[in-house]
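Colleague: I would like a close look at the spaces in this structure and at the places around them. Please take me through them in one connected account.

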Amino acid sequence: MCGIIGYVGITDAKKALIKGLQTLEYRGYDSAGISYFTREGEDTSDKIKTIKTVGKVSCLKDKVNQAAGEDITTCGIGHTRWATHGGVSDTNSHPHTAGKVTLIHNGIIENYKQLQEELEEKGLTPVSQTDSEIAAMVINDCYTGDPESAIRRAIAKLDGAYGFCILFSDFPDTIYAVRNGSPLVAAHTDKGSIIASDMVALVSYTKHYFVLKEGHIARLTKDEILVQDENGELYGPTIHHISWDVAAAKKGGYDYFMMKEIREQPEALRNTIKPRMVNGLPDFSEDGVSDTLFQDVNRIIITACGTAMHAGLMGKNMIERLCRVPVTVEIASEFRYQNPIMDEKTLLITISQSGETADTLAALRLAKERGAKTLSVVNVKGSSIARESDFVLYTHAGPEIAVASTKAYTVQVSVMYLIAFRFALIQGKISEKEASEYMTELMNTASRISEVLDYDNQIESIGKRLTKASDIFFLGRGLDYALSCEGSLKLKEISYIHSEAYAAGELKHGTISLITDNVPVIAVATQPDVFAKMISNVQEVRSRGAKVILITGQDSSVDAALCDHHVVLPETDPLFAPFLAAVVLQYLAYYVAVEKGLNVDQPRNLAKSVTVE
Ligand code: M6R
């Protein structure tokens, strides 16, 4: 939610900021802007200049080319916005200036109204409708010449989430940064110092970085980054290393990141599963997750948002099936407002690609307060959820840039399967032989997904026939229902076609009234135990005129009249077939959106990482 970057060094800051914002654009693309120190004309003192505009970073780049002229600068901050408070306008775009303070903000200041009233009593009025400008005004109001103490006094007044990069006009070529909730990572390199909301903006400079801790204040100059803790003491942050490089964060010849990421799934799965396969058995010792985590657990709560929550639905199915422990899956944004019941025998599993989703993080914090054990399944190393969980199992998908999650989903599901296998094994619910067979199947899934990647032409041609639909339904039972929820989300978020997923048996309790001639129904029927029932449900919609796309395994005999398109998956153990069907549904969403001429990677109104509640 909003991409932010600050650069101070030896090269043109405008270029560095625009380049960084292009990599961060997936976090929000309503508007973009930069501020930088520069000198104009005969004036020998540094001034802060701001250029901002509604639209994407490409619009900002054009505006900078016109407005920046010959400006020389080596220090600045940049922002790409996902609008929360205040509509999409030039004025509401970041950076915001108040007196000597210019800042960019990722997050939401919840008490901004109250702060605004206090400022207005002092005769100070904002020009924008944003909570972020109020934050700039508060910091400026606290400023008496010492940036760090102004920031410290100001943040004591702010409620909510924030990652700020701040310029003080009295301190040229220096960037200050502080955060609460929203992420900030930073690095000092031979080209200077850089700070951003996401590692993707740093990776072209370095693979070594640190995560700014909440409440700490960083001061960046071209020569160094100094961090002060809450008490103003110097603090030496822990340096982390990333294993992926700049190529992984580029499109690599594909039109869209989404397609690249769909095609990266076999490798992402292997990278995620292989380190947890020891002597053929599931094993988390390399992750530092000891079996004691699973001992005395009498219930599991999985909480997450969106796609990650759908991965949780798959996990629930597998854990309950193999371990016979009750599992509930909770939408993180609902969870903590339900006064959830948890104790030390509860294992709370959070799932998150970014590791920064505000609702998921809040759920995790609540669970810890209530004494539950916590385990997270996270893709981004060192992210807030990973750091705050008792234990973490990283997915090794590499950076996921497209807003629509694809490879992160399948690797999340694979880790949920691994958890089910390990938990069942140590409880004696499955034998070593069974566990080993499951592990082999899970590993083989990577190769089978490679086979499904060759279905692109078939799915493209099906997708082309769905572009005129106004509603599309997804049906499944059991694991296939869990998958249908994800297939439906994928389709609607990037194609803008309304879609719903239904447990196939539930359709006739109301929704079947929406099935009329040519309404597309995507039926996923990979599970033998419910196959006959699924086929009956498909017949019910077919006889009401639905256009049916049926996805099944190899050995399912299907009457040709039952569907318009039949997608037959490669042969596999049915428990693993949803991985393969997932790729079909990802392709389908992709090709429908492409055929409609939409921006697949940056669907309207969305952002990749939702760091506000
Ligand atoms: O970073 P997270 O996995 O916590 O994100 C959760 C959701 O916002 C995310 O899965 C979202 O639903 C996807 N962009 C959908 O494709």
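Colleague: To start with the enclosed space, how many cavities of 30 Å³ or more does the structure hold?

Modeller: What follows describes a predicted model, and every value in the account is computed from that model. The structure holds 1 cavity of 30 Å³ or more, and about 60 Å³ of space lies in the largest cavity. The lining of this cavity is made up of Cys2, Arg81, Trp82, Ala83, Thr84, His85, His94, His105, Gly107, Thr130, Asp131 and Ser132. Two elements, strand 6 (101–109) and helix 4 (131–142), each supply at least two residues of that lining. When the lining of the largest cavity is sorted by class, it has 3 nonpolar, 7 polar and 2 charged residues.

From the cavity one can turn to the open spaces, where the largest pocket has a volume of about 650 Å³. This pocket is lined by 41 residues, and those that lie nearest its centre are Trp244, Asn379, Val380, Gly398 and Pro399. Strand 11 (208–211), helix 7 (265–273) and helix 11 (384–388) are the elements that give two or more residues to the lining of the largest pocket. Helix 7 provides the largest share of that lining, with 3 residues. By class, the residues lining the largest pocket divide into 16 nonpolar, 13 polar and 12 charged.

The ligand deserves its own description. It is surrounded by 14 residues, of which Ser352, Gln353, Ser354, Thr357 and Glu493 are the closest. For two of these residues a side-chain distance can be given: an oxygen atom of the ligand is 2.6 Å from an N or O atom in the side chain of Ser354, and an oxygen atom of the ligand is 2.4 Å from an N or O atom in the side chain of Thr357. With Ser405 the partner belongs to the backbone, since a polar backbone atom of Ser405 is 2.8 Å from an oxygen atom of the ligand.

Ser405 also offers a link to a part of the chain that is remote in sequence. Val610 and Ser405 are 205 residues apart in sequence, while their C-alpha atoms are 13 Å apart in space. Val610 has its place in the segment after helix 17 (577–595). Because its relative accessibility is 34%, Val610 counts as partly exposed.

Two further residues can be described by their surroundings. Thr410 is found in helix 12 (residues 407–426), and it counts as buried because its relative accessibility is 1%. Once neighbours within four places in sequence are left aside, Thr410 is in contact with Gln265, Leu269, Phe579, Ala582 and Gln586.

Ser499, in turn, is found in strand 24 (residues 498–503). At 1% relative accessibility, Ser499 counts as buried. Its side chain makes a polar contact with the side chain of Ser488, at 2.6 Å. Not counting residues up to four places away in sequence, Ser499 touches Ile472, Phe474, Ser488, Leu491 and Lys492, so that Ser488 appears both in this set of contacts and as the polar partner of Ser499.

Terms used:
Residues are numbered from 1 along each chain as its sequence is written. This is a predicted model: local features need pLDDT of at least 70, side-chain atom pairs count only at pLDDT 80 or more; totals for chains, interfaces and linings use all residues. Side-chain values use heavy atoms; hydrogens and water are left out. Helices (H or I, at least four residues) and strands (E, at least two) are DSSP runs, numbered from the N terminus. Buried means under 20% relative accessible area, exposed over 50%, partly exposed in between (1.4 Å probe, protein chains only). Contact means heavy atoms within 4.5 Å. On a 1 Å grid over the protein atoms alone, a cavity is a set of points where a 1.4 Å probe fits but cannot get out, and a pocket is an open set with protein on both sides within 12 Å along at least five of seven lines; lining residues have an atom within 4 Å of a point. Grid points are joined across faces, edges and corners, and a volume is the space filled by probe spheres set on the points. Ala, Val, Leu, Ile, Met, Phe, Trp, Tyr, Cys and Pro count as nonpolar, Asp, Glu, Lys and Arg as charged, and the others, Gly among them, as polar. A residue is near a molecule or strand if one of its heavy atoms lies within 4 Å of it. A polar contact is a pair of N or O atoms within 3.5 Å; within protein, one must be able to donate a hydrogen and the other to accept it, and residues adjacent in sequence count only if both atoms are side-chain atoms.
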